[in-house]
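I opened a fresh notebook page for this chain today. Here is what I looked up, in the order I went.

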Amino acid sequence: VYSQHGGINQGPVWINHNIVMNLDRAFVWKNEGIAENIYIYHNIVECANAGDRAASILDTYHGDKIKNWVVKNNVFICPKDQPRKLFQDKGGAGKSMAFASNLCVNVTDTPEGTITGKDPE
């Protein structure tokens, strides 16, 4: 849904009210550049089993170049046979992200306060 390969984006960027099915890579991916004020609200994201292409749901490199990402009221669902990380904490990205009221199924490395679950056996 959102991808950044360089430059300066001071936002705000609103990524909200999406239904995404069969996601193979990241829902939000930031490689190079600066990304600030990213608001990820009210999305339903179902990840596909993507083999070696699978990424974390919020995949960002250089955590020191992001600021004020707010992730709130989302549903993130991954396949039982390929759980994924909610985010990569490369360079301290987690310190620049605020999470509230997200439901995560088969998602690992979720912050405190996240509602988590697994597929029934």
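Entry 1, surface. I began from the outside, keeping in mind that this is a predicted model. The accessible surface of the chain comes to about 6,400 Å², and carbon and sulfur atoms hold 50% of that area. I then asked how much of the chain is buried: 43% of the 121 residues are.

Entry 2, charges. I counted 12 positive and 13 negative side chains. The centres of these two sets lie 4 Å apart.

Entry 3, overall form. I laid the C-alpha trace along its principal axes and got a span of about 45 × 30 × 25 Å. The radius of gyration is 13 Å, which agrees with a compact globule, because 121 residues packed that way would have a value near 14 Å.

Entry 4, secondary structure and contacts. I found 15 strands and zero helices in the chain. Next I took the contacts between residues at least 6 apart in sequence, and 79% of them join residues at least 24 apart.

Entry 5, the core. Which members of the largest nonpolar core touch the most others? Of its 26 residues, they are Phe27, Ile40, Ile57, Leu58 and Phe76. I also checked which strands feed this core: S3 (13-16), S4 (19-23), S6 (34-41), S7 (44-47), S9 (66-72) and S12 (97-100) each supply at least two residues.

Entry 6, a closer look at Ile57. I set aside its neighbours within four places in sequence and listed what remains in contact with Ile57. The partners are Ala26, Phe27 and Val28, then Cys47, Phe76 and Cys78, and finally Lys85, Leu86 and Val107. Phe27 and Phe76 were already on my page, as core members that touch the most others.

Methods
Residues are numbered from 1 along each chain as its sequence is written. This is a predicted model: local features need pLDDT of at least 70, side-chain atom pairs count only at pLDDT 80 or more; totals for chains, interfaces and linings use all residues. Side-chain values use heavy atoms; hydrogens and water are left out. Helices (H or I, at least four residues) and strands (E, at least two) are DSSP runs, numbered from the N terminus. The radius of gyration is taken over C-alpha atoms; the globule rule is 2.2 Å times the number of residues to the power 0.38. Buried means under 20% relative accessible area, exposed over 50%, partly exposed in between (1.4 Å probe, protein chains only). Contact means heavy atoms within 4.5 Å. Accessible areas come from the Shrake-Rupley method with a 1.4 Å probe; for residues, only the protein chains shown count as cover. Lys and Arg count as positive and Asp and Glu as negative; His and the chain ends are not counted. The place of a charge is taken as NZ of Lys, CZ of Arg, CG of Asp or CD of Glu. A nonpolar core is a set of buried Ala, Val, Leu, Ile, Met, Phe, Trp, Tyr and Cys residues joined through side-chain atoms within 4.5 Å.
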